[in-house]
Amino acid sequence: MTQDELKQKVAQAALKYIKDVSIIGVGTGSTTNYFIEFLADYRNQIEGACSSSEGTSERLRKVGIPVLDLNAVGTLEVYVDGADEISPHKHLIKGGGAALTREKIIAAASKKFVCIADGSKCVDVLGAFPLPIEVIPMARSYVAREIVKLGGQPVWRENCVTDNHNHIIDVHNLNIVDPIKLEQIINNITGVVAVGLFAMRPADVVLVSKGEEVVTL
Ligand code: 5RP
């Protein structure tokens, strides 16, 4: 199976988590895009979705699913999203698509976070995928210097402006043995909007496609 076929397969498997759910949190990325395609068949059963990016909002509207304001909706039953890396503890690195802040907000506001990914995303220790950090533009260099003190190698994702009009720094060379602690430390750097470590609020369920199989962690 190709990687795209694996993404499609795992996206379809997530549909069982949206039964009887009227408002769904929807993430960002190529795996989630397949989920949105499948969600289209449920458009008459659901009231709408809370979206983690402008790109996802556009796709949802295109398939006829209303995009709702999270402030008006309150707690969500389910949030479905992909990941860039997944640890055995269901800690994640996210933000490859620069949507990490809104993704984190929706994850925080959801009762159940269902993470969908192909098997290539599973690792023993997080950090081979460069860790994205969304920063206030004027703080970019300051945050980068603080990251160097932590042993990381920060690289500015040039030509990338987030939906919140901020910048992204990708941190290379991290071996993240204590993701919760690192998330707290990076959260505390002035100028950081959000770090793409999802450890304090990990996924609740991880669905991983491996060949013909979809495994639930
Ligand atoms: C976007 C994300 C995505 O979930 C992550 O990058 C995975 O994307 P894909 O499904 O395309 O592999 O965090 O900010």
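The following exchange concerns the ligand site and the pockets of this predicted model.

Author: In this predicted model, local features need pLDDT of at least 70 and side-chain atom pairs count only at pLDDT 80 or more, while totals for chains, interfaces and linings use all residues. Residues are numbered from 1 along each chain as its sequence is written, and side-chain values use heavy atoms, with hydrogens and water left out.

Reader: What makes a residue one of the 17 around the ligand?

Author: A residue is near the ligand if one of its heavy atoms lies within 4 Å of it. Of the 17 residues, S30, T31, D84, G95 and K121 come nearest. The shell divides into three nonpolar, eight polar and six charged residues. Here Ala, Val, Leu, Ile, Met, Phe, Trp, Tyr, Cys and Pro count as nonpolar, Asp, Glu, Lys and Arg as charged, and the others, Gly among them, as polar.

Reader: Why is the pair formed by K94 and the ligand called a polar contact?

Author: A polar contact is a pair of N or O atoms within 3.5 Å. A polar side-chain atom of K94 lies 2.9 Å from an oxygen atom of the ligand, so the pair meets the cut-off of 3.5 Å.

Reader: Which distances place backbone atoms of G82 and G97 by the ligand?

Author: A backbone N or O atom of G82 lies 3.4 Å from a ligand oxygen atom, and for G97 the distance from such a backbone atom to a ligand oxygen is 3.2 Å. The protein covers 91% of the 380 Å² of accessible area that the ligand has on its own, by the Shrake-Rupley method with a 1.4 Å probe.

Reader: What makes a space a pocket, and which one does the ligand take?

Author: On a 1 Å grid over the protein atoms alone, a pocket is an open set of points where a 1.4 Å probe fits, with protein on both sides within 12 Å along at least five of seven lines; lining residues have an atom within 4 Å of a point. A molecule sits in a pocket if more than half of its atoms lie within 2 Å of its grid points. The ligand takes the space of the largest pocket.

Reader: How much space lies in the largest pocket, and what lines it?

Author: About 200 Å³ lies in the largest pocket, a volume being the space filled by probe spheres set on the points. Of its 18 lining residues, T28, G29, S30, A83 and D84 are closest to its centre.

Key: A polar contact is a pair of N or O atoms within 3.5 Å; within protein, one must be able to donate a hydrogen and the other to accept it, and residues adjacent in sequence count only if both atoms are side-chain atoms.
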